[in-house]
Amino acid sequence: MREVREWTAHAERIVRKRRDPVVVQTLRSATAATIAYVIALRLSPEPAPLTAPLTALLVVQVTLYATITNGFRRVNAVVTGVLVAIAFSLLVGLTWWSLALLLVASLAVGRLVRVEEYVPEVAISAMLVLGVTSVGDYAWARVVETLIGASVGLACNLLLAPPVWVEEAGESIEGLARRLRQLMLRMGEEAAGGTPVDRAESQLHEARRLDHDIVEVDAALRQAEDSLRLNPRVQDSVLHRVVMRTGLDTLEICTVVLRVLARSLTDLAKEREPEPQFEAETGAALAQLLSEIADAVVSFAVLVTTHLSASAESAEERLAAELRTAAGTRDKLALLLREEAERDPRHWQLPGAILTEVNRILDELDTEHRTRRLFEELDRVSREQRARMPRLTRLRERLGVTEQMWRNRAGFDGRSR
């Protein structure tokens, strides 16, 4: 029985590895390069036509969306770099001064052929190809090899669906939410016990460092959005992108508000030192509230990264219950803060600011607020698509693919997801 469980676990690990986007992309790149090399062996007079697999390797790195929208610029950059390298190989070969001239020429030509952000890739391709290109009668065979490699790379992007990076983006979003949760819990614990100024400042610095996490998560989400566009393996890619993007926007707002909350707690610690920031009962209520909000933040992240309707409904119910509990604790804290302000009106604006910031986080996580934002974002995306691609929009309308179908398919019947 134990052997069966171990074999099952091993099989599950293999399946997960096969679905891993990194593994999929590696296999795609290796397959494209190998096919390009095999074809070049038959069509090129060179005994080792390495330019073909090199070009295929460069081209196949882009997503399907990037291939169609700006992949041709990348191919243009690769081909241009290869042609520049061939010209140099025919004239001077590879020396330190020819390499310098090659770089200058490649960057200049890249500007002329308008490959835009891929100008450096002209020089990169030229350097790589010059290293495998020697002077001789067969130098122009590199052009054929380059075209073979570019064609195979484009074919692999079109025929072999590139990996979808949604799961990795979802993990990044959930990781950000859990870091927010940990910081909220520490802030609540410190507020309940009386936070020293130096520790409050440390929490403020940690809240500021979350901005770097936002940038990393945004990069992961952009990669996921590109992998969803025009990908035949994904249905309702627009809806997936909007759901995750608006979810990250909400978490970013919560991060900013949390930083402001840390600032208010730090200022309050400075003003009331050496006394504690709050009375015992008030501090305990604030700690409880931050703990409940922290759990709600994680539930919100799980909700926006869940794509199965049943799981999404369960996650939404859990989030709604946590927000109701937090709202009750918030009302209790408001009464305690008002009583404290009546007994000691000094610095009353700081506890008031803390309550305002907590309310802002609760409002951002609210399911009805999220539903409105999703509808607004879907409307905006639809308007942009109609303006950018009117013919495609008319075709979709004829086929009955409308925004209302997106919403119905996602279960938008008043729920947030």
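Is Cys156 buried or exposed in this structure? In this predicted model, Cys156 has a relative accessible area of 7% and is therefore buried, as the legend of the second view sets out beside another cysteine.

**View 1. The whole protein is built from helices.**
The secondary structure of this protein comes to 16 helices and zero strands. Of its 417 residues, 48% count as buried, and the protein exposes about 21,500 Å², of which carbon and sulfur atoms supply 57%. When contacts with a separation of 6 or more are considered, 80% of them in the protein come from residues that are 24 or more positions apart.

**View 2. Two cysteines, Cys156 and Cys254, are buried.**
Cys156 is buried because its relative accessible area is 7%, which falls under the 20% cut-off. Cys254 also counts as buried, since its relative accessibility is 1%. A disulfide is a covalent bond between the sulfur atoms of two cysteines. The structure holds zero disulfides.

**View 3. A nonpolar patch lies on the surface around helix 5.**
Leu91, Val92, Trp96, Trp97 and Leu101 together make a nonpolar surface patch of about 610 Å². Helix 5, which runs over residues 96–112, gives the most to this patch, with three residues. Val92, another member of the patch, is placed in the loop between helix 4 (64–91) and helix 5. With a relative accessibility of 36%, Val92 counts as partly exposed, because this value lies between the 20% and 50% cut-offs.

**View 4. Leu103 of helix 5 is in contact with Ala123 and Met127.**
Leu103 has its place in helix 5 and, at 29% relative accessibility, counts as partly exposed. Once its neighbours within four places in sequence are left aside, Leu103 is in contact with Ala123 and Met127. Looking the other way along the chain, Leu103 and Ala85 are 18 residues apart in sequence, and their C-alpha atoms are separated by 9.7 Å.

**View 5. A salt bridge joins Arg179 and Asp213.**
The protein has a count of 15 salt bridges, and one of them is formed by Arg179 with Asp213, whose closest N and O atoms are 3.1 Å apart. Arg179 belongs to helix 8 (residues 166–193) and Asp213 to helix 9 (residues 197–228), so this pair ties together parts that are 34 residues apart in sequence. The two partners can also be described by their accessibility: Arg179 is partly exposed, with a relative accessible area of 36%, whereas Asp213 counts as buried at 16% relative accessibility.

**View 6. Within helix 9, Arg222 meets Asp218.**
The side chains of Arg222 and Asp218 meet in a salt bridge, with a distance of 2.9 Å from N to O. Both residues lie in helix 9, where they are four residues apart, about one turn of the helix. An α-helix has 3.6 residues a turn, so residues three or four places apart point the same way.

**View 7. Helix 13 carries a salt bridge between Glu364 and Arg360.**
Glu364 forms a salt bridge with Arg360, and the closest N and O atoms of the pair are 3.1 Å apart. The two residues are separated by about one helical turn, because they stand four residues apart in helix 13 (residues 349–365). Glu364 counts as buried at 6% relative accessibility, while Arg360, at 40%, counts as partly exposed. Both belong to a network of salt bridges that links Asp249, Arg360, Glu364 and Arg373. The buried residues of helix 13 include Leu350, Ile354, Leu355, Val358, Ile361 and Leu362, and also Glu357 and Glu364. At 1.5 Å a residue, the 17 residues of this helix should span 24 Å, and this agrees with its end C-alpha atoms, which are 25 Å apart.

**View 8. Thr282 of helix 11 is buried and in contact with Leu333.**
Thr282 has its place in helix 11 (residues 280–304), and its relative accessible area of 2% makes it buried. Although Thr282 and Leu333 are 51 residues apart along the chain, their C-alpha atoms are separated by 6.5 Å. With its neighbours within four places in sequence left aside, Thr282 is in contact with Leu333, Leu336, Leu337 and Glu340.

Methods. Residues are numbered from 1 along each chain as its sequence is written. This is a predicted model: local features need pLDDT of at least 70, side-chain atom pairs count only at pLDDT 80 or more; totals for chains, interfaces and linings use all residues. Side-chain values use heavy atoms; hydrogens and water are left out. Patches are made of residues with over 30% relative accessible area and no salt bridge: like charges are joined within 9 Å, nonpolar side chains (Val, Leu, Ile, Met, Phe, Trp, Tyr) within 5 Å. Accessible areas come from the Shrake-Rupley method with a 1.4 Å probe; for residues, only the protein chains shown count as cover. A salt bridge is a side-chain nitrogen of Lys or Arg within 4 Å of a carboxyl oxygen of Asp or Glu. Buried means under 20% relative accessible area, exposed over 50%, partly exposed in between (1.4 Å probe, protein chains only). Contact means heavy atoms within 4.5 Å. A disulfide is a pair of cysteine sulfur atoms within 2.5 Å. The expected span of a helix is 1.5 Å times one less than its number of residues.
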